[in-house]
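Visitor: Before we begin, I would like to go through this model by asking how each label is justified.
Guide: Then let us set the values beside the criteria, one at a time.

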Amino acid sequence: MSNPGVPEVTCRVCKQERATYDEPDVKSDVLPKFQLSPGDYHKPGQYYYGVRVVTGSMAGAGTTDTDVYITLIGDKASSGKVGISGWLTALKGSYSSRTFDDLVVESDGDLGTILVVAIGNEKEWFADMGAAWYVDFVMVHNFQSSQNEEFPVYHWIGDGDYVTCTAHTTTLKDVSNNPILVQQREAQIAQQRQGYSWLKFPDLGMPSGFDDGGKNGHKANIPADEEFERVKLLDFTGNALKAAAAVGIKTKFTTLDSLHAYEKLATTMRTPEVKLYELNRWATDVEFGRQMLNGVNPVVIRKISSLPDNFPVTDDMLKGLLCGTLKQEMKAGRVYLCDLKALDGLPLREGYYAGAPLCLLYVNGIDQLVPIAIQLKQKPGKDNPIFLPTDGRMDWLLAKMYYKSASMQFHQVATHYLSCHAAMEVYAMGTMRNLPDPHPIYKLLRPNFRYTMAINTRARATLIADGGIIDQAFAIGGEGRRELMRRGGTIYDIHWTNIKRNTKERGVDDPKTLPGYYYRDDGLKLWDAMESYVRDIVNDFYKDDAAVRGDGELQKWANDIHTNGFPGYYGAKDGHGFPKQIVSKETLIELCTLIMFTGSAQHAAVNFGQYNYYGYVPNAPCGLRRPPPAKKGADYQDILESLPDKTTSIKSVAITFSLSQFSPDEIFLGNFPAERFTELRVKRHTQPRFQKALDNITGDIDTRNKTLDVPYKLLLPSRVPNSITI
């Protein structure tokens with residue numbers, strides 16, 4: 001803040017002490033009480049302020065720079081820049097990780113009530129030489145009034161940078177009569193907007209993202225607050241190297257000439273939790289149905305009351321498979337459809353094929369969901385037979401493989417990247433560009449954006465780049481990937497990841513008619529827990545709908561996301577379901593719950609099981625080398641010759657292994673290492689209530705899983721990261 005609007009008085013540090021802490025995520029109430037006092041330094045006519053600066057615990061959080069400063073801005077005067085390195089840093093070294101420094105600041109004038117703290121690094125040379133500093137929080141004790149305030153920081157402070165922070169969670173309206181606090185917000189947003197610019201993708205029809213200047217995730221072009229911390233960066237690189245090494249070994253020594261050889265490949269990195277190859281589990285109809293509900297693409301299935309015109313299944317075809325007629329079973333709510341029409345007519349990688357299949361499923365008399373008919377292309381005809389469980393074993397198995405291969409293409413582009421990664425980057429960008437640190441919605445959502453921009457910029461350079469992994473290993477290849485993104489982007493709606501709305505819209509919300517859908521059951525419980533937590537926060541800081549409508553920062557947030565984050569391409573409407581204005585508390589609660597759920601539970605459900613289901617290639621091939629069969633009569637050799645070649649298979653296994661790993665510094669749902677909310681009602685009541693709800697969900701899932709042949713663990717709160725980190 002260049003001109004806070006109050007006079008500046010001369011201040012200096014007269015005492016300073018340093019100590020360390022052991023906790024990985026320190027909180028203010030676990031540190032010892034502030035003990036320093038002016039003591040012998042006390043002079044008549046002077047004013048004294050105790051300051052505690054807490055450096056973060058992560059590797060590299062400390063700074064080697066010796067010219068850092070703090071500014072205390074009160075309602076009567078400002079301290080100006082007060083150097084806080086001094087003799088202590090000269091004698092004991094730099095500000096290090098897991099340290100806190102206590103200072104006594106002597107002032108020639110009364111600063112009054114401290115409203116804003118600025119902390120920065122004066123030097124502007126030797127960039128990337130250890131100058132960056134991560135500060136958790138600052139505490140200020142006013143010796144005149146005995147008032148204590150905590151100022152959350154939780155930012156990296158780079159060479160020549162500074163950050164400002166305030167003590168309380170507020171909307172703009174709360175501080176509208178205080179020009180100092182208004183200026184702090186405006187200056188912070190102006191500063192943030194310089195570092196967070198939109199990158200748009202009109203050619204792909206995708207949601208917008210962070211513009212890193214075309215450097216493909218290079219560290220210098222990503223804001224330090226968004227970049228991987230050192231532990232994560234090393235782990236990310238290590239997993240990639242491990243996968244690459246395995247690719248090299250297997251490429252040299254493995255011949256994939258039998259299903260057993262694919263089993264060996266599946267255990268290259270580690271043994272999957274779900275051993276699909278044991279007893280040919282992967283080939284059974286019950287396992288196929290289970291994966292439609294609880295695999296990594298559980299969002300395609302929908303209940304139907306009539307067949308699509310292009311899927312001419314008859315009662316004669318299904319004779320012996322249903323308890324009644326097809327019409328009767330549809331009326332009873334026991335018939336479901338998975339339709340991958342988005343893949344119809346896609347350009348494909350040379351030598352590889354993918355259908356655009358339709359799969360009819362049925363909840364049988366013992367409440368098992370099983371496939372009962374599969375058509376591999378959208379247009380019916382003699383060269384596009386409908387495959388049935390009563391066909392030859394290899395015909396039926398091959399049809400299921402073609403369906404799951406197509407599902408894998410759709411899953412990776414639409415279910416995983418588009419509706420999770422891309423959407424969360426939009427929400428993160430909108431938040432960083434429009435909501436200052438004191439804003440309650442910023443504090444609520446910030447944990448759900450950790451590492452998202454860092455992983456997405458790298459994904460655009462590797463996974464979904466031209467010539468990247470998908471282009472090399474998936475049947476859709478480069479042009480097919482781009483076209484699928486355009487199609488997905490055109491139909492995408494933010495409520496794809498609103499599990500409450502989405503399961504109801506697909507007709508799969510009733511456990512009585514569709515049992516065993518644990519993604520739905522566990523996901524709805526997590527949604528409700530998050531919604532209750534969000535409701536508590538929103539009710540704390542917004543009195544009524546008028547307060548929401550009158551929050552100018554919040555309205556700019558919504559408009560930026562609607563207009564710039566989700567622009568409409570190829571006939572789609574701007575916003576893709578995200579409103580341009582937020583007119584009620586209920587709308588705000590639903591949107592914030594959606595954002596929390598998307599970045600945590602939804603991504604966990606569709607990502608971390610990939611190695612379990614894609615690691616054994618025959619279960620869900622990344623591509624098939626023969627076109628969808630135009631007639632029946634397949635044998636075992638047809639299965640082997642349809643599977644992807646060795647190099648393609650190995651790349652698929654390697655990437656799905658890398659994508660399925662938790663980071664060693666992962667922060668899981670319900671953990672709040674950054675104490676952005678300083679309000680006691682949030683810290684002591686709201687957040688513990690949320691944590692208790694998650695504990696109850698964990699107990700329910702653990703009890704249920706003990707009864708299952710294949711436990712569903714993807715939505716265990718202890719395995720759901722707060723944010724998309726991979």
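**Labels and their grounds**

Visitor: What makes the span of helix α19 agree with its number of residues?
Guide: In this predicted model, α19 covers residues 646-659, and at 1.5 Å a residue its 14 residues should span 20 Å, which agrees with the 20 Å between its end C-alpha atoms.

Visitor: Why is α19 called largely enclosed by the rest of the structure?
Guide: Buried means under 20% relative accessible area, and because 11 of the 14 residues of α19 are buried, the helix counts as largely enclosed. Among them are Ile650, Val653, Ile655, Phe657 and Leu659.

Visitor: Which contact is found at the start of α19?
Guide: There a side-chain oxygen of Asp645 comes to within 3.2 Å of the backbone nitrogen of Thr647.

Visitor: Why does Thr678 count as buried or exposed?
Guide: Thr678, which sits in the loop between α19 and α20, has 15% relative accessibility and therefore counts as buried, the cut-off being under 20%. Its side chain reaches the backbone oxygen of Ala167 at 2.9 Å, and the residues that Thr678 touches include Glu150, Pro152, His168 and Lys683.

Visitor: What makes β12 and β16 edge strands?
Guide: The open sheet has five strands in the order β12-β13-β14-β15-β16, with antiparallel pairing, and β12 and β16 each pair on one side only.

Visitor: How do you know that β13 and β14 pair?
Guide: Pairing requires at least two bridges, and five bridges join β13 to β14, which run antiparallel; Val335 stands opposite Tyr362 in β14.

Notes. Residues are numbered from 1 along each chain as its sequence is written. This is a predicted model: local features need pLDDT of at least 70, side-chain atom pairs count only at pLDDT 80 or more; totals for chains, interfaces and linings use all residues. Side-chain values use heavy atoms; hydrogens and water are left out. Helices (H or I, at least four residues) and strands (E, at least two) are DSSP runs, numbered from the N terminus. The expected span of a helix is 1.5 Å times one less than its number of residues. Buried means under 20% relative accessible area, exposed over 50%, partly exposed in between (1.4 Å probe, protein chains only). A polar contact is a pair of N or O atoms within 3.5 Å; within protein, one must be able to donate a hydrogen and the other to accept it, and residues adjacent in sequence count only if both atoms are side-chain atoms. Contact means heavy atoms within 4.5 Å. Lists of a residue's contacts leave out its neighbours within four places in sequence.
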